[in-house]
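Dear colleague,

I am passing on to you the structure below, together with some notes on what turned up when I went through it. Please read the notes with the sequence and the coordinates open beside them.

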Amino acid sequence: MFLRYFFVTNVLFFTSCVSTHTALQNIEHGLDKQRVRNTIGKPFAVGRSNGLDRWTYKFRWNSQEYTRDVFFDEGRIQKVGPLTPYPNYEKKMKEAESLEEYETNVNFYQRQKEAGFREINSEKKKK
């Protein structure tokens, strides 16, 4: 009985340690909203964009705040947006103390914006 309790406690502990960033990388096409909510948690913001429901998740990763959008059509995931520095990153660019720091911040921000949407391969789900 003790071993069973120990095992369940450890599983719950380690599954709760999975970061939002990691969870967002591992979600699959077609998952429903309830499963996403149970896996990743409550979104930072909810809205609609181009006819799709949009859930925005905000999280810290590598000492920086980011957001990532998950788009749903008819309650199921259709696509996941790019990893985007949280808007306070733009303020960081403007307050840079040197040209080098400014350029580094701008280049990083542009690379994140150019990453585009990660389309989820619907064929992967059908296999």
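**Overall layout**

Read from the N terminus on, the elements of the protein follow the order α-α-α-β-β-β-β-β-α-α-β-α, which amounts to six helices and six strands. Please bear in mind that this is a predicted model, and that everything below is computed from it.

Of the 127 residues in the protein, 32% are buried. Among the contacts with a separation of 6 or more, 42% are between residues 24 or more positions apart. The protein exposes about 9,200 Å², and carbon and sulfur atoms supply 50% of that area.

**Salt bridges**

The structure holds four salt bridges, and I describe some of them here, beginning with those that involve Asp-53. The side chain of Asp-53 meets that of Lys-33 in a salt bridge, with a distance of 2.6 Å from N to O. This pair links distant parts of the chain, since Lys-33 belongs to helix α3 (residues 33-40) and Asp-53 to strand β2 (residues 52-61), 20 residues apart. The side chain of Asp-53 also meets that of Arg-48 in a salt bridge, again with 2.6 Å from N to O.

How exposed are the two basic partners? Lys-33 counts as partly exposed because its relative accessibility is 25%, which lies between the cut-offs of 20% for buried and 50% for exposed. Arg-48, with a relative accessibility of 55%, therefore counts as exposed. Through the partners that their salt bridges share, Lys-33, Arg-48 and Asp-53 are joined into one network.

Another salt bridge is formed by Glu-65 with Lys-58, where the closest N and O atoms are 3.8 Å apart; this distance is within the 4 Å cut-off, so the pair is included. Lys-58 has a relative accessibility of 29% and so counts as partly exposed.

**A patch of negative charge**

Which residues gather in a patch of negative charge on the surface? They are Glu-97, Glu-100, Glu-101 and Glu-103. Glu-97 lies in the loop between α4 (88-94) and α5 (99-114), and Glu-97 counts as exposed because its relative accessibility is 77%.

If you look at two places in the model, I would suggest the network of Lys-33, Arg-48 and Asp-53 and the patch that includes Glu-97.

With best wishes

Technical notes
Residues numbered from 1 in each chain as written. Predicted model: local features only at pLDDT ≥ 70, side-chain atom pairs only at ≥ 80, totals over all residues. Heavy atoms only, no water. Helix = DSSP H or I, 4+ residues; strand = E, 2+ residues; numbered from the N terminus. Buried < 20%, exposed > 50% of the residue type's maximum accessible area, 1.4 Å probe, protein only. Contact = heavy atoms within 4.5 Å. Areas by Shrake-Rupley, 256 points an atom, 1.4 Å probe, with all protein chains shown as cover. Patch = residues over 30% accessible without salt bridge, like charges linked within 9 Å, V, L, I, M, F, W, Y side chains within 5 Å. Lys, Arg positive; Asp, Glu negative; His and termini not counted. Charge placed at Lys NZ, Arg CZ, Asp CG, Glu CD.
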